[in-house]
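Student: Could you take me through one part of this protein slowly, and then show me what surrounds it? I would like to learn how to read a model like this one.

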Amino acid sequence: MSKVIIVTDSNSGITPDEAKILGVEVMPMPFYINEQMYYENIDLTQEQFYERLTAGGDIKTSMPLVGDVTDKWDELLKEYDEIVYIPMSSGLSSSCETAYMLSQDYDGKVQVVNNQRISVTMRQSVIDAKNLADAGKNAAEIKQILEDAKFDSSIYIMVDTLTYLKKGGRITPAAAALGTLLKLKPVLQIQGEKLDAFAKARTVKQAKSIMIDAMKSDFEKRFNNPDGSQMNLEMAYTHDLAAAEAFKEEVQAAFPNNEIVLNPLSLSVSCHIGPGALAIACSKKIDIK
């Protein structure tokens, strides 16, 4: 049986300590803050990041450095036969495409998964991949299973401020000004490659209701599983844990049969949407055989 290691990046939200517990490897995402480079969860904590973000620091995201990726692969292949590498969605970053090109020099020993996941749904893919490896699947089989299920997930996210979407060029300055004037709380969605607009709420309370109703609809209509028995249910947030835990209670009441995993959003996503965001996400359970 092939000895397989699962590798991801910190966009999954998996910290170095959690990676050790799960038995996987995590590539830290680099950031440039006022032209200085930091690595997520290595020399840049969530708290430090938000301090710099709210202070107006010039923050830029970057994909993992090519040398860091290949050095990690080379190191792991001394101990393992194959690698399954799960980067963030190709629709949100070019890091997936770059990793795929690099993998072509590894004679099939590195399988790059492009299953359109980010944050908590990406984390679940890593756990699924590890369980599949433990069940005896090889790297190519794991890649195929994950990519076959790539559209079996949903994310709805409420943005508390339009400032950072405007700064990143994801909405026009005019739209941001109007939204700020009207105090709108946009709800965005990811159901595949891209981050798209979903709804506009006037209040946080209304945005929460929109997200819960949308998730109920997905359970019933997209996934044909109204009771949620075949679904993983996840939540994410930026910076405000107390607000996230309060929302979790509401979500749990709406989905009493589901265990909810709550994690902070990775910093690569957070820098584009800012603090105060709340998200609810799901992914269809994968049959581990």
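**A loop and its surroundings**

Tutor: Let's begin with Q116, which sits in the loop that links strand 7 and helix 5. Keep in mind that you are looking at a predicted model. The relative accessibility of Q116 is 3%, so this residue counts as buried; the cut-off for that word is under 20%. Its backbone is worth a look too: Q116 is not a glycine, yet its phi is positive, at about 60 degrees.

Now step from the loop to the sheet. Strands 2, 1, 6 and 7 form an open sheet of four strands in the order 2-1-6-7, and the pairing is parallel. Strand 2 (25-27) and strand 7 (110-112) are the edge strands; each has a single partner, so one side of each lacks a neighbour in the sheet. On average, neighbouring strands here are turned by 25 degrees against each other, with direction ignored. In general, strands of a sheet pair through backbone hydrogen bonds, in either a parallel or an antiparallel way. For one pair in detail, follow strand 1 (residues 4-9), which runs parallel to strand 2 and is joined to it by three bridges. Within that pair, T8 faces V26 of strand 2.

Helices pack on this sheet as well. Helix 3 (residues 66-76) touches strands 1, 2, 6 (82-86) and 7, and its direction makes about 165 degrees with that of strand 2. Helix 5 (residues 119-134) touches strand 1 and strand 6, and its direction makes about 175 degrees with that of strand 1. To zoom in on one residue, find T70, which belongs to helix 3. T70 has a relative accessibility of 17%, so T70 counts as buried. Apart from residues within four places in sequence, T70 is in contact with L102 and Y106.

Next, let's turn to the nonpolar cores. The largest one has 25 residues, and those touching the most other members are M211, M215, L233, V251, F255 and I280. At least two core residues come from each of strand 8 (153-158), helix 9 (204-222), strand 11 (231-237), helix 10 (241-254), strand 12 (260-264) and strand 13 (278-284). Helix 9 gives the largest share, seven residues. Take M211: with neighbours up to four places away set aside, its contacts are Y156, I157, M158, V187, F247, L278 and I280. There is also a second, separate core of 18 residues, with V4, V24, L146 and I286 among them.

Helix 9 packs against helix 10 at an angle of about 35 degrees, and their axes are 11 Å apart. The crossing is right-handed. Where they meet, K208, M211, I212 and K216 of helix 9 face F247, E250, V251 and A254 of helix 10. Sorted by class, this contact has five nonpolar residues, three charged ones and no polar ones.

Strand 8 is a good place to practise thinking about burial. Six of its six residues are buried, so strand 8 is largely enclosed by the rest of the structure. In a regular strand, side chains alternate between the two faces of the sheet. In strand 8, S153, I155 and I157 lie on one side and S154, Y156 and M158 on the other, and both faces are covered. Strand 8 has antiparallel pairing with strand 13 over six bridges, where I155 stands opposite A281. Strand 8 also runs antiparallel to strand 9 (residues 185-190), with four bridges; there, I157 has L188 as its bridge partner.

Finally, here are two more loop residues. F255, in the loop between helix 10 and strand 12, has 5% relative accessibility and therefore counts as buried. Beyond four places in sequence, F255 touches I212, M215, K216, F219, L233 and I280. F255 and P226 lie 29 residues apart in sequence, while their C-alpha atoms are 9.8 Å apart in space. H239 is in the loop between strand 11 and helix 10, and its phi is positive, near 75 degrees, although H239 is not a glycine. The relative accessible area of H239 is 36%, so H239 is partly exposed. Set that beside Q116, where we started: Q116 also has a positive phi, but Q116 is buried.

How values were computed
Residues are numbered from 1 along each chain as its sequence is written. This is a predicted model: local features need pLDDT of at least 70, side-chain atom pairs count only at pLDDT 80 or more; totals for chains, interfaces and linings use all residues. Side-chain values use heavy atoms; hydrogens and water are left out. Two strands pair if DSSP finds at least two bridges between them. Axes are lines fitted to C-alpha atoms, for helices over the stretch in contact, and angles run from 0 to 180 degrees between N-to-C directions. Contact means heavy atoms within 4.5 Å. A nonpolar core is a set of buried Ala, Val, Leu, Ile, Met, Phe, Trp, Tyr and Cys residues joined through side-chain atoms within 4.5 Å. Buried means under 20% relative accessible area, exposed over 50%, partly exposed in between (1.4 Å probe, protein chains only). A crossing is left-handed if the near helix is turned anticlockwise from the far one by less than a right angle, and right-handed if clockwise. Ala, Val, Leu, Ile, Met, Phe, Trp, Tyr, Cys and Pro count as nonpolar, Asp, Glu, Lys and Arg as charged, and the others, Gly among them, as polar.
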